[in-house]
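This report looks at a helix pair, at the confidence of the model and at two individual residues. The sequence and the structure are shown first.

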Amino acid sequence: MRNSPNRIVATVFGAVYVFVGLLGFAVTGGVGFIATEGGLLLGIFEVNPLHNVARLLIGAALLIAGFVGVAAAKAVNATVGGAYLLLGIVGFFLAGTSANILALNTADHFLHLASAIVLLGVGLGAERSARVAVA
Amino acid sequence: MTALATMARTWPMLAAFGAGLVLLALAAGAGGPAGGVLAGVGIAALAWGVLSLHLGRPIAPGATLAVGVALLVGAAALVGSGFAGTAGVPAGPLLAASVFAAVVAAQAAAVVRRRSRAGTPSEPKGEPDGAGRAAIDGRLSLAGLVAGALLVAALATPALAATEAGRLAVPHGDHSGWGSSSTTGPAHHH
């Protein structure tokens, strides 16, 4: 795993997403499960139960893919990163809605954008022969 | 290839992602012919970034250089003439998109120049001379990718926030669920 950029990124990002998702529930402990208003995680990141669930699911997918192998990690990295950027772009045209997930100058938007670019970048650009190798 | 060159190899592709995102956010707020042009160039930038990353080399460097320079000149003309404000295109995000475009154009220019001088394939031969070298290159590339993503996000995030889409964005804690709307339609057009 140590020599595979895709497996490293999938495992590290997956672990962080799962950790942040679990930590988020501690912050939003008094909030209803499907409520969409929450608190601040580490005093910076706005979280609510729906975000926590989304982070847990994405984190689990990344973690599992990171443990499975290069091809799985590469596919999940590119899919998660690409889907996030695509959702962000669609959100530009749905201004005023919660789908607009990239256009705020906040710490969590910055980190979401950076992590989406890393995931898409490593999924597309690293280990380009992985799919051929496992075929 | 030097360590810095290895780390920065993907930065033009990541800059293309930044340019595409900012241009599409500008397009969402501008509407009309200006919005159409911005959206077209933004989609082209994203597609260029995806394909170049996938292939491991900048595609169509000549055309990329031409479009990059045209975008820089066009942005300067829009801001200088004051037409940017009339068309609903804020100058700050346009400047940020121009910075991203300049990075892409600079790499395209370097590739074109190298081709014309040597008459050889533009992609430098970075063949590893062993498994150890390949592993080092892989780690350097990954570190460069993370650093590049942070740089792109550092410039793109405030630029996106300064667009019409950013002005109408809803903070996470305030919204009422995915897909919910506090307004009834897309960004209003100027």
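At what angle do helix α3 (residues 70–92) of chain A and helix α4 (residues 107–125) of chain A pack? In this model, which is predicted, the two helices pack at an angle of about 140 degrees, and their axes are 7 Å apart. Angles over 145 degrees would count as roughly antiparallel and those of 65 to 115 degrees as roughly perpendicular, so α3(A) is oblique to α4(A). The crossing in which α3(A) passes α4(A) is left-handed.

On the side of α3(A), the residues that meet α4(A) are Lys74(A), Asn77(A), Ala78(A), Val80(A), Gly81(A), Gly82(A), Tyr84(A) and Leu85(A). Their counterparts in α4(A) include His112(A), Ala116(A), Ile117(A), Leu119(A) and Leu120(A), with Val122(A), Gly123(A) and Leu124(A) further along the list. Sorted by class, the contact of α3(A) with α4(A) holds ten nonpolar residues, five polar residues and one charged residue.

Confidence in chain A can be stated as well. The mean pLDDT of chain A is 81, and 73% of the residues score at least 70. Among the elements of chain A, α3(A) has the highest mean pLDDT, at 92, whereas helix α5 (residues 130–134) of chain A has the lowest, at 50. Where pLDDT is low, the predicted coordinates should not be read in detail.

Chain B has eight helices and zero strands, which gives the pattern α-α-α-α-α-α-α-α when read along the sequence. Of the 190 residues in chain B, 43% are buried. Among the contacts in chain B with a separation of 6 or more, 76% are between residues 24 or more positions apart.

Two residues of chain B are set side by side below.

| Residue | C-beta neighbours inside 10 Å | Burial |
|---|---|---|
| Leu26(B) | 31 | buried |
| Ala60(B) | 14 | partly exposed |

Leu26(B) lies in helix α2 (residues 11–30) of chain B, and it counts as buried because 20 or more other C-beta atoms within 10 Å suffice for that class, while Leu26(B) has 31 such neighbours. Apart from neighbours within four places in sequence, Leu26(B) is in contact with Leu38(B), Val89(B), Pro93(B), Leu94(B) and Thr163(B). The C-alpha atoms of Leu26(B) and Pro90(B) are separated by 7.8 Å, although the two residues are 64 residues apart along the chain.

Ala60(B), by contrast, is found in the loop between α3 (32–55) and α4 (61–81) of chain B. Although Ala60(B) is not a glycine, its phi is positive, at about 45 degrees.

How values were computed. Residues are numbered from 1 along each chain as its sequence is written. Chains are lettered from A and ligands numbered from 1 in the order in which they are written. This is a predicted model: local features need pLDDT of at least 70, side-chain atom pairs count only at pLDDT 80 or more; totals for chains, interfaces and linings use all residues. Axes are lines fitted to C-alpha atoms, for helices over the stretch in contact, and angles run from 0 to 180 degrees between N-to-C directions. Helices (H or I, at least four residues) and strands (E, at least two) are DSSP runs, numbered from the N terminus. Angles under 35 degrees count as roughly parallel, over 145 as roughly antiparallel, 65 to 115 as roughly perpendicular and the rest as oblique. A crossing is left-handed if the near helix is turned anticlockwise from the far one by less than a right angle, and right-handed if clockwise. Two residues are in contact if their C-beta atoms, placed from the backbone, lie within 7 Å. Ala, Val, Leu, Ile, Met, Phe, Trp, Tyr, Cys and Pro count as nonpolar, Asp, Glu, Lys and Arg as charged, and the others, Gly among them, as polar. pLDDT is the predictor's confidence in each residue, from 0 to 100. A residue is buried if 20 or more other C-beta atoms lie within 10 Å of its own, exposed if 12 or fewer, and partly exposed in between; C-beta atoms are placed from the backbone.
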